[in-house]
Amino acid sequence: MPSERLVLRPPKRGHKILIAADGLRIPDDPIVPLIEGDGIGPEVVQVALQAIDAAVETAFHGRRTIAWYPVPAGEKAMFQYGELLPEATLAAIREYVVALKGPMTTPVGGGFRSLNVALRKALDLYANVRPVYWIPGMPSPVTHPERVDVVIFREGTEDVYAGIEWEKGSAEAMRMIEILEKEFQTRVRADSGIGVKPISETGSKRLVRKAIRYAIENRRKSVTLVHKGNIMKYTEGAFRAWGYEVAQQEFGDRTISWDDALRKYDGKPPADRVVIKDVIADNMFQQLLLRPEEYEVLATTNLNGDYLSDAAAAQIGGLGVAAGGNIGDAHAVFEPVHGSAPKYAGLNKVNPAAEMLAGVMMLEYLGWKEAATRLRDAVRKVVAAKIVTYDLARQMPGAKEVGTSAFAEAVVDAIHGAGA
Ligand code: NAD
């Protein structure tokens with residue numbers, strides 16, 4: 001069936017989230033598009049919904065509910081509708097603003113490098129946000145994982161991910177090499193592939209703006225601009241400069257640069273100011289290992305953020321519990337960081353915690369903090385009781401290994417105040 005004719009029907013109950021000039025208007029029964037994904041997606045999504053619904057129910061006693069709106073994407077959409085990412089699905093997320101998704105398989109040769117990158121581009125979800133904090137009991141390769149509590153804001157539309165590159169020997173690469181030589185007197189080896197790294201003032205500022213707003217709203221003490229500006233001055237270096245500029249020009253009374261904090265306040269800035277500092281990317285990897293407690297919010301360019309967020313996630317327990325949000329000016333899609341792990345599909349084996357924690361982020365975005373806290377606390381409680389899936393059990397001495405659904409049941413029981 002051609003995608004133009006694919007008509008999706010929203011649920012009969014529920015209301016739209018509205019975008020107003022000063023923020024989102026969240027009804028008590030928002031309609032939330034749901035992509036269940038491929039591979040292990042459906043099973044982790046299904047149990048995550050049970051946990052999210054239970055958290056909302058116990059937090060608001062029926063006054064609030066989510067009207068889930070399943071929309072197709074990924075392998076199943078390809079099979080049913082001949083398209084991996086149907087326009088009707090994108091239109092639904094555009095219309096209903098906030099969505100939750102499971103992991104999707106990107107078939108090799110399906111016309112997309114990555115479905116997620118395509119989704120981010122189509123909806124201009126420019127900030128990839130990943131909170132990284134430790135849940136007591138989680139296996140960790142570092143001595144003090146409890147010191148890690150950072151939120152990474154990674155720019156998601158620019159940098160070497162813009163997809164502007166040409167293969168060695170292609171007409172385009174040869175032409176670029178020629179232009180560089182003839183017009184810019186720059187020599188590049190003839191057998192080079194060529195990539196372009198665009199970093200704009202607009203793209204950098206809107207990302208840093210979002211990170212600073214988050215820090216102010218969540219009483220975080222600092223925002224660190226991560227860059228490689230010592231080498232790439234007009235891209236990475238400019239990101240740093242634009243970051244400081246946005247802080248000073250738009251949040252001048254709520255932020256203070258670390259230099260000013262040292263000069264004017266002897267390194268002890270007023271408590272109501274968010275400190276803006278910067279760290280060179282390679283040093284940031286060391287810092288996160290050695291002094292993680294000095295970092296609360298990181299604002300990064302695309303590639304640096306990709307590396308950093310995986311390295312940071314490894315410190316607190318890895319893929320099974322890492323969640324993220326792709327967030328634009330209003331629209332947001334929340335998801336686990338892991339993929340669709342096809343070899344485990346249908347086995348009731350994998351860890352649904354990351355999908356649940358994506359739900360926590362979504363609830364926070366809706367401003368439903370009570371429900372978010374209930375769900376996060378319940379996951380903590382179950383992990384602390386050492387009731388875990390295989391991926392964690394094999395690293396936790398004395399753990400009780402359970403399947404996906406039993407882990408979820410334990411979480412739902414914990415939400416209701418029983419069990420675990
Ligand atoms: P993957 O994350 O799917 O799986 C790698 C390994 O991690 C698995 O074999 C498994 O051992 C472990 N794992 C992943 N999720 C787990 C969970 N919830 N519980 C326990 N263990 C878990 O990565 P991959 O194999 O490289 O990718 C498979 C497919 O997923 C590819 O098609 C890829 O494009 C896609 N992918 C999608 C997303 C997304 O939708 N956000 C992200 C990454 C990869």
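This is a short talk on the ligand site, one helix and several individual residues of the structure shown above.

Before anything else, please keep in mind that what we are looking at is a predicted model, and that every value I give is computed from it.

Let me start with the ligand. There are 22 residues around the ligand, and of these Met 104, Asn 116, Gly 339, Ala 341 and Asn 351 come nearest. If we sort that shell by class, we find 11 nonpolar residues, 7 polar ones and 4 charged ones. Two elements of secondary structure deserve a mention here, since strand β15, residues 332-336, and helix α13, residues 390-393, each supply at least two residues of the shell.

Which atoms of Ala 341 and of the ligand lie 2.7 Å apart? On the protein side it is a backbone N or O atom of Ala 341, and on the ligand side it is an oxygen atom. Asn 351 also takes part through its backbone, with a polar backbone atom placed 2.9 Å from a nitrogen atom of the ligand. For Glu 335, by contrast, the side chain is involved, and one of its polar atoms lies 3.4 Å from a nitrogen atom of the ligand. As for how much of the ligand is covered, on its own the ligand has 810 Å² of accessible area, and the protein covers 69% of that.

I now turn to helix α9, which runs over residues 281-290. Its buried residues are Ala 281, Met 284, Gln 287 and Leu 288. When we look down the axis of α9, these buried residues fall within an arc of 95 degrees, so they line one face of the helix. The face turned away from that buried side carries Leu 289 and Leu 290, both of which are exposed. What, then, covers the buried residues of α9? The cover includes the strands β7 (149-155), β10 (222-227), β12 (274-280) and β13 (297-300), together with helix α10 (302-315).

Strand β7 brings us to the next residue, because the loop between β7 and β8 (165-166) is, with the strands as defined by DSSP, where Thr 157 sits. The side chain of Thr 157 is joined to that of Glu 155 by a polar contact of 2.6 Å. Once residues up to four places away in sequence are set aside, Thr 157 touches Asp 124, Tyr 126, Ala 162, Arg 206 and Asn 302.

On the other side of β8, in the loop between β8 and α5, we find Glu 167. Is Glu 167 buried or exposed? At 64% relative accessibility, Glu 167 counts as exposed, since the cut-off for that word is over 50%. Apart from its neighbours within four places in sequence, Glu 167 is in contact with Ala 173 and Gly 193. To give a sense of distance, the C-alpha atoms of Glu 167 and Ala 384 are 50 Å apart in space, and the two residues are 217 apart in sequence.

Helix α5, residues 171-184, holds Met 176, and Met 174 is found in α5 too. Met 176 is partly exposed, with a relative accessible area of 27%, and Met 174 is likewise partly exposed, with a value of 38%. Outside the four nearest places in sequence, Met 176 touches Trp 166 and Ile 194, while Met 174, with its sequence neighbours left aside in that way, is in contact with Gly 169 and Ala 190. From C-alpha to C-alpha, Met 176 and Val 188 are 9.4 Å apart, with their positions 12 residues apart in sequence. For Met 174 and Arg 25, the separation is 149 residues in sequence and 52 Å in space, again between C-alpha atoms.

I will end with the backbone. Most residues other than glycine have a negative phi. Arg 219, although it is not a glycine, has a positive phi of about 50 degrees. Arg 219 is placed in the loop between α6 (201-217) and β10, and with a relative accessibility of 76% it counts as exposed. Asp 266 also has a positive phi, near 55 degrees, and is found in the loop between α8 (258-265) and β12. Asp 266 is exposed as well, with a relative accessible area of 62%.

How values were computed. Residues are numbered from 1 along each chain as its sequence is written. This is a predicted model: local features need pLDDT of at least 70, side-chain atom pairs count only at pLDDT 80 or more; totals for chains, interfaces and linings use all residues. Side-chain values use heavy atoms; hydrogens and water are left out. A residue is near a molecule or strand if one of its heavy atoms lies within 4 Å of it. A polar contact is a pair of N or O atoms within 3.5 Å; within protein, one must be able to donate a hydrogen and the other to accept it, and residues adjacent in sequence count only if both atoms are side-chain atoms. Accessible areas come from the Shrake-Rupley method with a 1.4 Å probe; for residues, only the protein chains shown count as cover. Helices (H or I, at least four residues) and strands (E, at least two) are DSSP runs, numbered from the N terminus. Ala, Val, Leu, Ile, Met, Phe, Trp, Tyr, Cys and Pro count as nonpolar, Asp, Glu, Lys and Arg as charged, and the others, Gly among them, as polar. Buried means under 20% relative accessible area, exposed over 50%, partly exposed in between (1.4 Å probe, protein chains only). The arc is that of the directions from the helix axis to the C-beta atoms. Contact means heavy atoms within 4.5 Å.
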